[in-house]
Amino acid sequence: MTRHPPTKLLAVTTALLLAVATAVWSGQPSSAAGRTAAAPEPLGVPFLPAPDPLHVTIASMVAVSMTVDRNVTIRLSDGTTRTTTKYTFTKLKIRSHMNVTQRAAGHTVTIDVPNEGSLGGYDSAGKPETTMMWGNITNVCVRVLVKICGVQGLLDLFGSLIPLTAGAEDFVGDIYAIRTVDDHAALDSTDNPVHLPGTITVTVP
């Protein structure tokens, strides 16, 4: 059985579906201050990520930067933990074609965004938003005179901070959790940093 909801869905609807397998939460501090070193991440979110990661591809994207923190332990919804990598983006926007697929519990959920979207760009006051991903990015490419691909290759070139202001291509990753926050939001803010206009497909045997 396949259900095809209408295209151009509201960002809130998309964010709710992402929350089935990820942690998407805006308006909360992104700082990890105050937690013990042994405590799994992410903390303070309404949903724990599923043990079945999301397979995420992005044809073209842009961000101010990406930083990489290795050996971060996260807790999953089945009570287990994983030691993985945390990626932090600033002002992450989708230029073209983002696809998110999760296969778990006898069903497949696919979110397809053919054109532009946002996983944390600017809020209504023009302030930057932050997006964190926990998982494994297997590929991302930037152009610095020539096209350079692979997270490790970019780390070798730029160190722990990878600038993506000129854009990046061919993003591929298996991601357990995505959380986007607006560190500058006022208490009465209604800004939603997630805008993914596209289609949602749920397929079951």
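These legends go with a set of close-up views of a predicted model.

**View 1. The whole chain, for orientation.** Before zooming in, here is the fold in brief: two helices and 13 strands make up the secondary structure of the protein chain. The chain runs to 205 residues, and 43% of them count as buried. Take the contacts between residues at least 6 apart in sequence, and 77% of them join residues at least 24 apart. About 10000 Å² of the protein chain is exposed, with 56% of that supplied by carbon and sulfur atoms.

**View 2. The largest nonpolar core.** This core has 32 residues, and Met66, Phe89, Met98, Met133, Leu164 and Phe171 have the most contacts inside it. Quite a few elements chip in two or more residues, among them strands β2 (54-62), β3 (65-75) and β4 (81-90), along with α2 (151-158). Also on that list are β5, β6 (107-113), β8 (130-144) and β11 (168-181). Off to itself is a second, separate core of eight residues, which includes Val72, Leu76, Tyr176 and Ala177.

**View 3. Around Met133.** Zoom in on Met133 and skip its neighbours within four places in sequence: its contacts then include Thr85, Lys86, Tyr87, Phe89 and Leu92. Leu119 touches Met133 too, and so do Phe171, Ile175, Ala177 and Ile178.

**View 4. Gln102 in strand β5.** Gln102 sits in strand β5, which covers residues 93-104. With a relative accessible area of 5%, Gln102 is buried. Its side chain still finds a polar partner: the backbone oxygen of Asp52, at 3.3 Å.

**View 5. A salt-bridge network.** Arg143, Lys147, Glu169 and Asp170 are hooked up through salt bridges into a network; the count of such bridges comes to three. Start with Glu169 and Arg143, whose closest N and O atoms are 3.9 Å apart. Glu169 belongs to strand β11 and Arg143 to strand β8, so this pair ties together parts 26 residues apart in sequence. Arg143 is exposed at 53% relative accessible area, while Glu169 is partly exposed at 26%.

**View 6. Lys147 and its two acidic partners.** Glu169 also forms a salt bridge with Lys147, with 3.2 Å between the closest N and O atoms. That pair links distant parts of the chain, strand β11 for Glu169 and strand β9 (residues 146-149) for Lys147, 22 residues apart. Lys147 bridges to Asp170 as well, with the closest N and O atoms at 2.9 Å. Here Lys147 in β9 pairs with Asp170 in β11, so parts 23 residues apart in sequence are tied together. Lys147 is partly exposed, with a relative accessible area of 35%, and Asp170 is partly exposed, also at 35%.

Conventions:
Residues numbered from 1 in each chain as written. Predicted model: local features only at pLDDT ≥ 70, side-chain atom pairs only at ≥ 80, totals over all residues. Heavy atoms only, no water. Helix = DSSP H or I, 4+ residues; strand = E, 2+ residues; numbered from the N terminus. Buried < 20%, exposed > 50% of the residue type's maximum accessible area, 1.4 Å probe, protein only. Contact = heavy atoms within 4.5 Å. Areas by Shrake-Rupley, 256 points an atom, 1.4 Å probe, with all protein chains shown as cover. Polar contact = N/O pair within 3.5 Å; in protein donor to acceptor, adjacent residues only side chain to side chain. Core = buried A, V, L, I, M, F, W, Y, C linked by side-chain atoms within 4.5 Å. Salt bridge = Lys/Arg side-chain N within 4 Å of Asp/Glu carboxyl O.
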